[in-house]
Amino acid sequence: MAELRHSSSLGARASSSPIKRDGDSSPLISDASPDDDGRGRHAYKDRDRSFWSYFPFLSDDARVSPYNSRISICLLVFVVIVASISIFSVVKRLNAPYLCKKDGIVLHCPQVKESPSLWENPYSATMSWKPCAERRFGGISDLPPGNETTGYIFIHAEGGLNQQRIAICNAVAVAKIMNATLILPVLKQDQIWKDQTKFEDIFDVHHFIDYLKDDVRIVRDIPDWFTDKSELFKNIRRTVKNIPKYAPAQFYIDNVLPRIKEKKIMALKPFVDRLGYDNVPPEINRLRCRVNYHALKFLPEIEQMADLLASRMRNRTGSSNPYMALHLRFEKGMVGLSFCDFVGTREEKARMAEYRKKEWPRRYKNGSHLWQLALQKRKEGRCPLEPGEVAVILRAMGYPKETQIYVASGQVYGGQNRMAPLRNMFPNLVTKEELAAKDELDKFRKHVTSLAALDFLVCLKSDVFVMTHGGNFAKLIIGARRYMGHRQKSIKPDKGLMSKSFGDPYMGWATFVEDVIVTHQTRTGLPEETFPNYDLWENPLTPCMCKA
């Protein structure tokens, strides 16, 4: 059976330098006569003594004293003991059960004692933070009258569901900064899935507008007096295109607001990550949290289906049981975009190289630099975790074979063979397609974002959430669980450390388990102090939470 490891071959280069042996005696040393005191012969005697002569008790010479014999015996015993220990240590390390044994596509890992805090956040009781971005009922609106609006802004929320969610939050914040009216954002068609989901197909529009009525004026459609609706995004005179990424609030006041006042309606394009975090007022960041955690609610039928899936996960054993949600990011596109190297056959690697060359020709170039790039990215923890690696980490944390795991993932690169190590170690691994009947999901298949919303909510409700790579989905889940009370564990693996451990051919299972447990004791989704350019969506502590 082969061992699971990222193997590296080490070569040793043997070198030797010739030693000149001079058989003639030196002209500076006189020949010793047979009857001298022997001092002149010491150099020759020492050079010609055998190894065993250092242990006189093994010699037949009767002149050896008992005292010297005892010292020599002690010395020999010491040498034998040290040699034995060294040999035993080397043999033990060479034969150590490094992580898990791999038998075909099956991984065999030693069992780990289940921790009492396996299904709860052990340090959550020491943290006294609570959400404080909700709407203040009975408060006085600071919105000016409708006829005093500075103008209207319109955006296309691009990308997948979670990127669209972030864009919507930013659009509300930008409208507040400029005292403008926000036209209900359009969810731009996804070019890959050809999805034509509208805002009202996924979110509760009435709740969205009503919850934010004291913060920003939002209208469902472009005003009737504006007749050139179809040209709004195409007309360059009505489109602001020079907004930098993570722009400060002052940029909008100085550069965008004058154009809105002039044209009355302006489209902002592109609008992905066009508002910063630490360069906007705290009340604006608090408003973004209000939109994300309170105003943006999925349609009731999506919420109900997600509740049903979560309930089925908690009752799969016939009685109440906790469940883990695993966001597994190992789709072909993610593997290709990462430019990391993964275990596979030569044919697989060749096909992936061709795929990368076709999709990202500027990054691929001639491919000669990619091996060093892959090594560097893995060392820095910037590569997606493979399903087999996830299985080993979860087992080291103490999760048993019986763990119920909900998997939120696209089509895994490598198919069932790639998933086999994870599924064999944790057989109670299910997706929404396996939890629900076909007709139950059919009504959601019309809109791909509806299926993504189901995954989002089931992960959000889980007892333990595990991410395997970055992305908007994972950081929004972790941020929401932090904001809503941080009692539920959210595990963010230290991929840099795990890469070093997986690449260490001498690390035994016990040492690996200790490293995993110690490293991830505080990587469980607790609120963290923020830092410059921090990500508000993953860690909403400073502007959106307050001491309980």
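**Rings and cores in a predicted model**

Let me start with one residue: Tyr399 is buried, with a relative accessible area of 1%. Keep in mind that this is a predicted model.

What does Tyr399 pair with? Its partner is Trp119. The ring centres are 5.4 Å apart and the planes stand at 80 degrees; edge-to-face pairs need over 60, so this pair is edge-to-face. Trp119 is partly exposed, at 23% relative accessible area. The two are 280 residues apart in the chain. Trp119 sits in the loop between strands E3 and E4. Tyr399 sits in the loop between helix H13 and strand E12.

Next pair: Phe298 and Phe456. Their ring centres are 6.1 Å apart, with planes at 70 degrees, so this pair is edge-to-face. Both residues are buried. Phe298 lies in the loop between helices H7 and H8, Phe456 in helix H17. They belong to one aromatic cluster with Phe199, Phe203, Phe208 and Phe473. In total, the structure holds 16 aromatic pairs.

Charges meet rings too. The charged end of Arg356 sits over the ring of Phe339, 5.2 Å from its centre. Arg395 has its charged end over the ring of Phe426, also 5.2 Å from the centre.

Now the wider view. The chain has 548 residues, and 44% are buried. There are 21 helices and 16 strands.

Finally, the cores. The largest nonpolar core has 92 residues; Met178, Phe208, Tyr252 and Leu268 have the most contacts inside it. Helix H3 gives this core its largest share, 12 residues. Apart from it lies another core of 42 residues, including Val112 and Trp509.

Technical notes: Residues are numbered from 1 along each chain as its sequence is written. This is a predicted model: local features need pLDDT of at least 70, side-chain atom pairs count only at pLDDT 80 or more; totals for chains, interfaces and linings use all residues. Side-chain values use heavy atoms; hydrogens and water are left out. Helices (H or I, at least four residues) and strands (E, at least two) are DSSP runs, numbered from the N terminus. Buried means under 20% relative accessible area, exposed over 50%, partly exposed in between (1.4 Å probe, protein chains only). A nonpolar core is a set of buried Ala, Val, Leu, Ile, Met, Phe, Trp, Tyr and Cys residues joined through side-chain atoms within 4.5 Å. Rings of Phe, Tyr and Trp (its six-membered ring) pair if their centres lie within 6.5 Å; planes under 30 degrees apart count as stacked, over 60 as edge-to-face and the rest as tilted. A charge sits over a ring if NZ of Lys or CZ of Arg is within 6 Å of the ring centre and within 35 degrees of the ring normal.
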